[in-house]
Amino acid sequence: MAQKRVAAIHDISCLGRCSLTVALPIISAAGVETAVIPTAVLSTHTGGFKDYTVRDLSSDIVPTAQHWKNEGITVDAVYTGYLCSKEQIYLVIEAARLISGSNTLLITDPVMADNGKLYKGFDGGYADYMLKLCSAADIITPNITEAALMLGVKFREGPYSEDYINALLEGLYVKTHSKIVLTGVCYDERRIGAAVYDGEKKSYVFTERLCRMYHGTGDIF
């Protein structure tokens with residue numbers, strides 16, 4: 001059987017153990033060839049650092065995908081992460097179209113916010129643009145904040161009620177018709193995990209909660 005190939009479209013954070021620096025080795029270790037299209041190069045990730053540098057690579061995204069298409073290269077999945085501008089969302093949709101075959105999966109992590117707030121560099125309208133990419137995806141992996149922002153509903157601190165989580169899952173499904181893996185779900189102080197919804201069935205995976213902040217856990221997930 002031919003080796004599977006994934007195109008990971010993320011930024012490169014030169015320090016911080018996130019984005020492509022963790023996605024590439026982990027997907028590769030799983031036995032999947034990992035091709036990359038960097039969206040930006042940052043001196044560090046945007047959480048907890050000041051005055052970081054950003055090199056926007058927007059002009060390279062579509063030409064890279066076009067080159068692969070010209071070479072007859074397609075991928076089994078496209079996996080998108082941090083995009084540094086609204087404009088990049090449209091570029092990534094076009095790049096994914098160029099390198100996709102008839103059975104290619106588009107998996108989108110709508111990286112833009114956490115703990116009730118957008119990341120630095122994004123304005124209030126960014127969530128509406130990200131919703132366009134999520135609507136094109138087969139699978140999306142938002143956290144609670146990202147889900148609330150894309151739906152335009154109030155973010156709540158955990159532990160959450162089942163009604164709140166169900167409203168996020170069902171609301172996102174109506175908006176996107178994508179399969180949803182909602183991360184950061186907790187119904188008590190002891191466990192945290194993910195809720196999965198395919199439009200019909202909901203299921204959950206939980207593990208022991210550690211009271212620490214680990215940047216890049218979404219990319220590893």
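The following exercises, each with a worked solution, concern a predicted model.

**Exercise 1. The eight-stranded sheet**

Determine the order of the strands in the open sheet of eight strands, and state which strands stand at its edges.

*Solution.*
Step 1. The strands are arranged in the order β3-β1-β6-β7-β10-β11-β12-β13, and their pairing is mixed.
Step 2. The edges are occupied by β3 (33-36) and β13 (202-208). Each has a single partner strand, so one side of each is left without a neighbour in the sheet.
Step 3. Helix α1 (residues 20-29) packs on this sheet and touches β1, β3 and β6 (75-80). The direction of α1 makes about 155 degrees with that of β3.
Step 4. Helix α3 (residues 86-99) lies across β1, β6 and β7 (100-108). The angle at which α3 runs to β7 is about 145 degrees.

**Exercise 2. The surroundings of β1**

Identify the residues that stand opposite R5, V6 and A8 of the model.

*Solution.*
Step 1. Strands of a sheet pair through backbone hydrogen bonds, in either a parallel or an antiparallel sense.
Step 2. Strand β1 (residues 5-9) runs parallel to β3, to which four bridges join it. In β3, E33 is the bridge partner of R5, and V36 stands opposite A8.
Step 3. The pairing of β1 with β6 is likewise parallel and extends over four bridges. Here V6 faces A77 of β6.
Step 4. As for burial, β1 is mostly covered, since four of its five residues are buried.

**Exercise 3. The buried side of α1**

Establish which residues of α1 are buried and how they are placed around the helix axis.

*Solution.*
Step 1. The buried residues are L20, V22, A23 and I27.
Step 2. Around the axis they cover an arc of only 165 degrees, which puts them on the same side of α1.
Step 3. The elements that cover these residues include β1, β2 (12-13), β3, β6 and α7 (217-220).
Step 4. Just after α1, the backbone at G31 takes a positive phi of about 90 degrees.

**Exercise 4. The three-stranded sheet**

Describe the strand order, edges and pairing of the open sheet that contains β2, β4 and β5.

*Solution.*
Step 1. The order is β2-β4-β5, with mixed pairing.
Step 2. The edge strands are β2 and β5 (54-56). Each has a single partner strand, so one side of each is left without a neighbour in the sheet.
Step 3. Strand β4 (residues 40-42) and β5 run antiparallel and are joined by three bridges. Within this pairing, L42 stands opposite V54 of β5.

**Exercise 5. Aromatic pairs and a charge over a ring**

Classify the pair formed by the rings of Y82 and F122, and explain which parts of the chain the pair ties together.

*Solution.*
Step 1. The structure holds eight aromatic pairs. In the pair of Y82 and F122, the ring centres are 5.7 Å apart and the planes stand at 35 degrees, so the pair is tilted. The assignment follows because planes under 30 degrees apart count as stacked and those over 60 as edge-to-face.
Step 2. Y82 belongs to the loop between β6 and α3, and F122 to the loop between β9 (117-118) and α4 (126-136); the pair therefore ties together parts that are 40 residues apart in sequence.
Step 3. Burial is assigned under 20% relative accessible area. Y82, at 10%, is buried, and F122, at 11%, is buried as well.
Step 4. Y82, F122 and Y126 form one aromatic cluster.
Step 5. Elsewhere, K202 lies over the face of Y197, at 4.5 Å from the ring centre.

**Exercise 6. Helix α4**

List the buried residues of α4, and decide whether D128 is buried, partly exposed or exposed.

*Solution.*
Step 1. The buried residues in α4 are Y126, A127, M130, L131, L133 and C134.
Step 2. Viewed down the axis of α4, they fall within an arc of 165 degrees, so they line one face of the helix.
Step 3. Their cover includes β6, α3, β7, β10 (139-140), α5 (144-151) and α6 (162-176).
Step 4. D128 is also found in helix α4. With a relative accessible area of 48%, D128 is partly exposed.
Step 5. D128 and Y79 are 49 residues apart along the chain, and their C-alpha atoms are separated by 20 Å.

Technical notes:
Residues are numbered from 1 along each chain as its sequence is written. This is a predicted model: local features need pLDDT of at least 70, side-chain atom pairs count only at pLDDT 80 or more; totals for chains, interfaces and linings use all residues. Side-chain values use heavy atoms; hydrogens and water are left out. Two strands pair if DSSP finds at least two bridges between them. Helices (H or I, at least four residues) and strands (E, at least two) are DSSP runs, numbered from the N terminus. Contact means heavy atoms within 4.5 Å. Axes are lines fitted to C-alpha atoms, for helices over the stretch in contact, and angles run from 0 to 180 degrees between N-to-C directions. Rings of Phe, Tyr and Trp (its six-membered ring) pair if their centres lie within 6.5 Å; planes under 30 degrees apart count as stacked, over 60 as edge-to-face and the rest as tilted. Buried means under 20% relative accessible area, exposed over 50%, partly exposed in between (1.4 Å probe, protein chains only). A charge sits over a ring if NZ of Lys or CZ of Arg is within 6 Å of the ring centre and within 35 degrees of the ring normal. The arc is that of the directions from the helix axis to the C-beta atoms.
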